[in-house]
Amino acid sequence: MAKKPRFFSAPKPARKNLPAGAEAEIEKFSHDMRGIARVSGKAVFIDNALPGEKVKFRYSARRSKFDEGAAQEVLQPSPLRCEPRCVHAHLCGGCSLQHLVPEAQIAAKQKVLLDQLARFGGIEVPELLPPLVAAPFGYRRRARIGIRIVGRGAKKTLVFGFRQKGSNDLTEIDECPVLHPLIAAQIPRLKQLVGESDGRAYFSQLEVVVGESAAAIVLRHLKPVTAADRERWLAFAAETGIHLYLQPGDAASAHKIWPGDGEDYLTYDLPEFDLTLRFHPLDFVQVNAVINRQMVARAVELLNPQAGERLLDLFCGLGNFTLPLARRAGAVVGVEGEGGLTQRGVDNAALNGLRNVSFHACDLTQSIESHPWAAGGFDGILLDPPRSGALEVVRRLARFDAKRIVYVSCNPATLARDAGELKSLGYSLVKAGVMDMFPHTDHVESIALFKKTR
């Protein structure tokens with residue numbers, strides 16, 4: 001018996017002056033995991049569509065060289081298609097691949113990495129590392145939930161959720177299976193609490209984060225919180241045990257109001273290295289705790305630090321890689337652009353009794369070789385840059401004469417570009433692989449090892 005067509009819920013209305021929906025056969029994935037089809041000879045990038053499928057889609061944009069759209073109905077599904085666990089998956093921008101089985105997601109991401117390295121770096125991977133994977137749900141330990149009042153007068157309504165796909169509008173959510181269970185279980189109560197608050201029109205977002213032994217919520221508010229609202233939120237915190245912070249201005253204004261004692265920090269552990277790291281709820285930490293532990297272990301294994309070696313960790317943050325490396329190496333220098341994070345690194349080194357590590361704040365888009373910490377060279381270097389990559393600093397790495405470089409990337413395109421630069425400096429790519437830091441998304445986290453060959 002033929003399979004019934006699959007329909008997607010509540011598609012957004014098409015923009016004006018766009019043609020009606022059409023049918024298309026999906027040929028392959030794009031680098032951002034949209035299905036690519038050809039309609040009347042023109043490429044169309046289609047959300048929620050998988051290679052090998054026949055779909056009916058609506059147009060969302062038309063451009064000179066390609067069009068964009070979203071599948072409304074799957075006429076012939078791929079055998080790799082699955083039913084999304086989340087009822088909001090077709091609209092919410094938090095996930096884009098819940099309709100694809102996890103094994104196929106990681107295979108697609110691996111292909112993106114290999115394609116980008118070949119296309120932008122002119123590089124083939126001699127040895128492909130096995131992917132790092134973990135449970136695909138309940139993994140996200142930090143997220144930002146938007147709060148917005150829409151409409152006017154009697155038609156005003158509260159929207160509580162994540163951004164919609166390709167839009168700044170919010171998707172109303174009632175659940176989120178990718179969030180850590182400690183936070184996911186509180187979504188209905190948090191929605192109710194926001195709705196009951198006198199100052200809800202002046203709430204903009206909730207930052208939620210889960211540490212090793214506690215979770216925290218940071219409420220961003222644009223006007224002072226009323227006494228009644230403060231009591232409401234304090235009661236919620238006391239009932240759930242979730243630490244509560246208020247943020248009236250920039251990140252520095254965030255302050256804990258419950259519990260009233262103790263430090264303003266959460267912690268996470270790296271047990272393989274006997275480390276506990278403290279962080280503020282608004283600090284950057286990797287969203288996937290399980291993959292982060294695997295990633296740190298792999299990075300240390302690839303860089304292979306020896307007891308007498310001196311290592312450099314660029315874009316070091318609060319010491320996620322720096323401190324594990326310091327457990328193995330003779331000395332480690334961590335460098336980061338944000339002074340607050342380097343101070344957190346100093347504190348974390350002291351917390352863990354490490355005396356062979358130093359942290360420095362430095363603009364890594366500028367010259368770095370004149371700084372005192374850069375003198376003497378390094379045996380190995382680790383980089384973990386933002387999505388924009390590390391082209392400026394990569395061009396200066398040859399002066400340090402490191403034998404090994406490990407590059408952790410959240411954007412395979414900039415990794416490929418920087419890999420091409422490293423190649424020109426005499427470094428060869430030895431190994432590379434992907435890490436499923438963000439299941440159900442098109443985000444590709446990867447790691448690569450380079451060795452000096454000339």
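**Helix α9, salt bridges and burial in a predicted model**

Modeller: The secondary structure of this chain comes to nine helices and 24 strands, where helices (H or I, at least four residues) and strands (E, at least two) are DSSP runs numbered from the N terminus. The model is predicted, so local features need pLDDT of at least 70 and side-chain atom pairs count only at pLDDT 80 or more, whereas totals for chains, interfaces and linings use all residues. Residues are numbered from 1 along each chain as its sequence is written, and side-chain values use heavy atoms, with hydrogens and water left out.

Colleague: What makes the chain as compact as a globular protein of its length?

Modeller: The radius of gyration is taken over C-alpha atoms, and the globule rule is 2.2 Å times the number of residues to the power 0.38. For 454 residues the rule gives 22 Å, and the chain has 24 Å, which is close to that value; it is therefore as compact as a globular protein of that length. Taken along the principal axes, the C-alpha atoms fill a box of roughly 65 × 60 × 40 Å.

Colleague: How much of the chain is buried, and what is its accessible surface?

Modeller: Buried residues make up 53% of the 454 residues, where buried means under 20% relative accessible area, exposed over 50%, and partly exposed in between (1.4 Å probe, protein chains only). The accessible surface comes to about 20,400 Å², of which 50% belongs to carbon and sulfur atoms. These areas come from the Shrake-Rupley method with a 1.4 Å probe, and for residues only the protein chains shown count as cover.

Colleague: Why is D418 called buried?

Modeller: The relative accessible area of D418 is 0%, which is under the 20% limit, so D418 is classed as buried. D418 lies in helix α9 (residues 412–424), where P412, T414, L415, A416, A419 and L422 are also buried.

Colleague: Which residues is D418 in contact with, its neighbours within four places in sequence left aside?

Modeller: They are G389, A390, L391, V394 and Y407, contact being heavy atoms within 4.5 Å. The buried residues of α9 pack against α1 (102–121), α8 (391–394), β22 (404–409), β23 (427–435) and β24 (445–452).

Colleague: What makes the pairing of the side chains of D418 and R417 a polar contact?

Modeller: A polar contact is a pair of N or O atoms within 3.5 Å; within protein, one must be able to donate a hydrogen and the other to accept it, and residues adjacent in sequence count only if both atoms are side-chain atoms. The contact of D418 with R417 is between side chains, at 2.9 Å, so it satisfies the rule. A polar atom of the D418 side chain also lies 2.8 Å from the backbone nitrogen of A390.

Colleague: How do you know that the span of α9 is close to the expected one?

Modeller: The expected span is 1.5 Å times one less than the number of residues. With 13 residues, α9 reaches 18 Å from its first C-alpha to its last, close to the 18 Å expected. At the start of α9, a side-chain oxygen of N411 reaches to within 3.1 Å of the backbone nitrogen of A413; just after α9, G426 takes a positive phi of about 100°.

Colleague: Why is the pair R34 and E68 called a salt bridge?

Modeller: Side chains of opposite charge can pair when their charged atoms come close. A salt bridge is a side-chain nitrogen of Lys or Arg within 4 Å of a carboxyl oxygen of Asp or Glu. The N to O distance between R34 and E68 is 2.7 Å, so the pair qualifies. By this rule the count comes to 24 salt bridges. Both R34 and E68 are buried, and D32, R34, R63 and E68 are linked in a network of salt bridges.

Colleague: What separates D229 and R232 in helix α4?

Modeller: Because D229 and R232 are three residues apart in α4 (residues 227–240), about one helical turn separates them. Their side chains meet in a salt bridge of 2.6 Å, N to O. D229, at 0% relative accessibility, counts as buried, whereas R232, at 28%, is partly exposed.

Colleague: Why does R399 count as exposed?

Modeller: Its relative accessibility is 59%, which is over 50%, so R399 counts as exposed. R399 is found in the loop between α8 and β22, and a polar contact of 2.7 Å joins its side chain to that of E369.
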